[in-house]
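Here are a few notes from going through this model. Have the structure open while you read, since the points jump between regions.

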Amino acid sequence: QLINEVLKNDERLPYSFFVNDEEVLDELKSIIKNKKISTEAAIPIVYQPQAVFRVHAVTRCSATIPGHSEAVLHVSFSANGNHLASGSGDTTVRLWDVLTQTPKHTLKAHTNWVLAVAWSTNCEYLASGGMDQMVCVWDPVSGKQIGKSLMGHKKWITSLAFEPYHLNPSCNRLASASKDGDIRIWDVIRGVCLLILSGHTASVTCIKWGATGLLYSASQDRTIKVWDTKQGKLVRSLEGHGHWVNTLSLNTEYALRTGPFSHRGNKPENEEEAKTTAIENYQKSMALIDGEKCELIASGSDDFTLFLWNPAKSKKPIHRMTGHQQPVNFVCYSPDGNFIASASYDKSVRLWDGRTGKFICTFVGHVQAVYQVCWSADSRLLVSSSRDSTMKVWDRKTKKLKLDLPGHADEVFACDWSPDGEKVASGGKDKVLKIWQG
C-alpha cells in the first residue's frame with residue numbers, strides 16, 4: 001500500500017520485498033534476527049513488482065461460425081474456458097470448439113426456443129431450458145443428454161443456476177426459474193425434483209445461487225426473494241422496485257462461476273485443495289462492511305433504477321441508483337467486486353461503485369438499446385452488445401470507448417468474455433456466432 005502511494009500508481013500492484021537478496025515472507029523482524037543485522041544500521045529494502053494478470057482488449061473477429069438456423073439467444077463459456085455453448089431459437093444448443101473455433105456438437109431435445117444455458121462449475125454438466133417448459137442436462141464432452149428431460153414447470157424456463165463448487169464439488173444440484181412463478185431445485189444425476197420454491201406471484205426473471213448457500217430470485221412481482229436451499233424456506237423478501245425486476249448480479253459472481261479454476265483454466269488435483277481455492281477466490285471479492293465480509297447483490301428493473309442490497313443482513317437497500325432513462329436490461333458485477341456495470345434501453349452503459357452504489361460514469365456510444373455487458377477477468381475492460389448490431393469495448397480507467405467492434409448483420413443479443421480473458425463470444429439475430437480476439 002505504501003509503495004503504491006509513493007509511486008502514485010493508479011492501480012494497486014503487488015510487490016515482493018527483499019533484504020540482502022532474501023525475500024521477506026513474514027515480518028521484517030525475523031529476517032533481521034536470522035541475518036544478524038544490526039538494528040542501528042540502515043537496512044536497504046529492495047522492492048520488485050510481481051506479475052499481474054492483465055487482459056488485452058479484443059480487437060478483431062477471428063471466427064464467424066454459422067450453424068444455427070434462428071437467432072442466437074444465449075452464449076456462455078465454461079469455467080475453465082475450454083467449452084463454449086450457445087442456445088438458439090432453432091430449438092438446439094450447440095457446443096463449439098474454442099481452440100479450433102469450429103462446431104463440435106449439436107444438442108437436440110428441446111421442441112421450442114432455448115432461452116437459458118448454464119454451466120456447472122466443475123465443467124461436467126451443461127443445462128439448458130426453453131419455451132417448451134423443459135430443462136435438459138448434457139455431457140459437454142460426448143454431447144449426449146444425461147438422463148431424461150426435467151419436467152414440472154407449467155410455463156417456459158427463464159433462468160438456470162448450478163450450486164457453487166465449494167458447497168458441493170459434484171455440482172449435481174441445479175435451480176431453474178420459470179414464467180409460472182416457481183423455482184425448482186433438481187438433482188441432475190438422479191433426474192428428480194428435490195424442492196419447489198413457491199412465493200412469487202408473477203414470472204421469475206433471474207436467479208443466482210450465492211456463496212453462502214442462499215438462492216436469490218428476481219421477479220415481475222417487483223420483489224427479490226432470498227431462499228434457504230437446504231430446507232426450501234423463504235429467508236426474506238426484498239422490496240423497493242416500482243416495476244418488474246429484470247436482472248440480478250452478485251459481487252461474488254465471477255469467483256463462483258470459475259470456482260477452483262485459475263485464469264489459465266488449471267484446477268488443483270486434490271478435491272480438498274480445489275475446495276479451499278474456490279473458497280479463497282470468492283472471499284476476495286466479498287465487500288467489507290463494518291469489519292464483516294458480505295455478499296452484495298445488485299438488481300436492475302423496468303422502473304429505470306438499480307438497487308444495491310446486503311440480503312444476508314437487511315431487507316433495506318444500501319443504495320438506490322438512479323440515472324437511466326429507460327428500463328435496465330442487464331446488471332453485471334466486475335470480477336473483483338468493486339464495480340457494477342448496467343445496460344439499458346436508453347442506449348447507455350453506466351458504471352457504479354460496487355461497494356457503495358455511487359455513480360461513477362456513463363459510457364455513451366451505442367445508438368440503440370444495450371442488451372448485455374460482460375467484464376474482462378481483470379476488471380479493467382468491459383464489452384457491451386446492442387440492438388445497433390455492434391459490440392463495444394470500454395476502458396474502465398479512462399472511462400472512454402476503447403474499441404468499436406462492428407461485424408454482426410443485426411441485433412446482438414448475447415455476449416460473454418472467456419475466464420482466461422483471451423476471447424469474447426457473441427450471438428444475435430443474424431444467426432451466427434462470432435468469436436473475437438486481441
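1. Where is the place of Asn80? Asn80 sits in the loop between β5 (72–77) and β6 (83–88). Keep in mind for this and everything below that we're looking at a predicted model.

2. Is Asn80 buried or exposed? With a relative accessibility of 11%, Asn80 counts as buried, because the cut-off for that label is under 20%. So a loop position and a buried residue go together here.

3. Now the polar side of Asn80. Its side chain makes a polar contact of 2.8 Å with the side chain of Ser78. The side chain of Asn80 also reaches a backbone atom, the nitrogen of Asn82, at 3.0 Å.

4. What is Asn80 in contact with, once its neighbours within four places in sequence are left aside? The answer is Cys123, Phe261 and Gly265.

5. On to the strands that flank this loop. β5 and β6 belong to an open sheet of four strands, ordered β5-β6-β7-β8, with antiparallel pairing. The edges are β5 and β8 (102–108), each of which pairs on one side only. If you want the twist, neighbouring strands in this sheet are turned against each other by 20 degrees on average, direction ignored.

6. One pairing in that sheet in detail: β7 (residues 92–97) runs antiparallel to β8, and the two pair over six bridges. For a landmark, look at Val93, which stands opposite Leu107 in β8.

7. Next, the aromatics. How many aromatic pairs are there? The count comes to seven, taking ring centres within 6.5 Å as the rule. One of them is Tyr371 with Phe413: the centres are 5.5 Å apart and the planes stand at 50 degrees, so this pair is tilted. The angle falls between the cut-offs of 30 degrees for stacked and 60 for edge-to-face, which is why neither of those labels applies.

8. Which parts of the chain does this pair tie together? Tyr371 lies in strand β30 (residues 370–375) and Phe413 in strand β34 (residues 412–417), so the link joins parts 42 residues apart in sequence.

9. The two partners carry separate accessibility labels. Tyr371 is buried, at a relative accessible area of 11%, whereas Phe413 has 22% relative accessibility and counts as partly exposed. Tyr345 comes in too: ring pairs link Tyr345, Tyr371 and Phe413 into a cluster.

Notes
Residues numbered from 1 in each chain as written. Predicted model: local features only at pLDDT ≥ 70, side-chain atom pairs only at ≥ 80, totals over all residues. Heavy atoms only, no water. Phe/Tyr/Trp six-rings, centres within 6.5 Å; stacked < 30°, edge-to-face > 60°. Buried < 20%, exposed > 50% of the residue type's maximum accessible area, 1.4 Å probe, protein only. Polar contact = N/O pair within 3.5 Å; in protein donor to acceptor, adjacent residues only side chain to side chain. Contact = heavy atoms within 4.5 Å. Pairing = 2+ DSSP bridges. Axes fitted to C-alpha atoms, helices over the stretch in contact; angles between N-to-C directions.
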